[in-house]
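Biologist: I am new to this structure. Please take one part and go through it closely, with enough of the whole to place it.

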Amino acid sequence: MEARVVDLRILPTEAREVVRIYRDSVLPAARRQQGFKGALLLTDDETGVGISISLWETEEDREEGEANGFYQQQIRKFSELLTETPVRKHYNVGVLHYDASVLA
């Protein structure tokens with residue numbers, strides 16, 4: 001499994017709007033992408049720091065989302081809310097564990 005991690009700097013007053021866009025627009029679009037396995041968005045309402053983590057079945061699936069313009073389309077949804085250009089990094093997922101009952 002592969003991960004795309006994007007460091008975001010957003011207007012602190014707009015953190016809730018970023019969450020809304022991510023939940024209502026980015027996630028539905030991501031679910032239609034081949035190999036998409038899940039996502040996590042972390043935000044700090046005080047500092048405007050955010051981290052998006054998306055999980056992909058293979059490196060090829062993750063790279064296809066960048067080659068076909070999907071990643072760029074999603075970032076544009078936040079263009080008015082960002083204070084800096086997002087920084088994208090890629091990782092291999094070494095361990096993944098979560099308690100599904102916590103998310104219910």
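Modeller: Here is a walk from the whole chain into its nonpolar core and then to some residues worth finding on screen.

Keep in mind that this is a predicted model. The protein chain has four helices and four strands. Along the sequence they come in the order β-α-β-β-α-α-β-α. The radius of gyration is 14 Å, close to the 13 Å that the globule rule gives for 104 residues, so the chain is as compact as a globular protein of that length. A box of roughly 35 × 35 × 20 Å along the principal axes holds the C-alpha atoms.

How much of the chain is buried? Of the 104 residues, 38% count as buried. The accessible surface of the chain is about 6700 Å². Carbon and sulfur atoms own 49% of that surface. There are 13 positive and 18 negative charges, and their mean positions are 4 Å apart. Now count the contacts with a separation of 6 or more. Residues 24 or more positions apart account for 70% of them.

Now the core. In soluble globular proteins, nonpolar side chains tend to be buried together. In this chain, the largest nonpolar core has 20 residues. Which of them touch the most other members? They are Leu8, Ile10, Val18, Tyr22, Phe78 and Leu82. Four elements give two or more residues to this core: strand S1 (2–9), helix H1 (15–31), strand S2 (36–43) and helix H3 (70–76). Helix H1 gives the most, with eight residues.

Find Phe78 next. Set aside its neighbours within four places in sequence. Phe78 is then in contact with Val18, Ile21, Tyr22 and Val26. Two of these names, Val18 and Tyr22, also stand with Phe78 in the list of core residues that touch the most other members.

Stay with helix H1 and move to Ala29, which is placed there. Its relative accessible area is 8%, under the 20% limit, so Ala29 is buried. Beyond four places in sequence, Ala29 touches Phe70, Gln74 and Lys77. What separates Ala29 from Phe78? They are 49 residues apart in sequence, and their C-alpha atoms are 14 Å apart in space.

Gln74 shows the contact from the other side. Gln74 sits in helix H3. Its relative accessibility is 7%, so Gln74 counts as buried too. Leaving out residues up to four places away in sequence, Gln74 touches Ser25, Val26 and Ala29. Val26 is also among the contacts of Phe78.

Now go to the start of the chain. Is Met1 buried or exposed? Met1 is partly exposed, with a relative accessible area of 39%. Met1 belongs to the segment before S1. Its contacts beyond four places in sequence are Lys37, Leu55, Trp56, Glu57, Asn92, Val93 and Leu96. Glu64 is 63 residues away along the chain, and the C-alpha atoms of Met1 and Glu64 are separated by 14 Å.

Ala3 comes soon after, in strand S1. With a relative accessible area of 6%, Ala3 is buried. Which residues does Ala3 touch, not counting those up to four places away in sequence? They are Ile53, Ser54, Leu55, Arg62, Lys89, His90, Tyr91 and Val93. Leu55 and Val93 are also among the contacts of Met1. Arg62 deserves a second look. Ala3 and Arg62 are 59 residues apart along the chain, yet their C-alpha atoms are separated by 7.6 Å.

For another long step in sequence, pick Asn68. Asn68 is in the loop between helix H2 (59–67) and H3. At 38% relative accessibility, Asn68 counts as partly exposed. Asn68 and Val19 are 49 residues apart in sequence, and 24 Å lie between their C-alpha atoms. Ala29 and Phe78 are also 49 residues apart in sequence, with 14 Å from C-alpha to C-alpha.

To retrace the walk, start at helix H1, which gives the most to the core. Then step to Phe78 and its contacts, including Val18 and Tyr22. Finish at Ala3 in strand S1.

Note on methods
Residues numbered from 1 in each chain as written. Predicted model: local features only at pLDDT ≥ 70, side-chain atom pairs only at ≥ 80, totals over all residues. Heavy atoms only, no water. Rg over C-alpha atoms; globule rule 2.2 N^0.38 Å. Buried < 20%, exposed > 50% of the residue type's maximum accessible area, 1.4 Å probe, protein only. Contact = heavy atoms within 4.5 Å. Areas by Shrake-Rupley, 256 points an atom, 1.4 Å probe, with all protein chains shown as cover. Lys, Arg positive; Asp, Glu negative; His and termini not counted. Charge placed at Lys NZ, Arg CZ, Asp CG, Glu CD. Core = buried A, V, L, I, M, F, W, Y, C linked by side-chain atoms within 4.5 Å.
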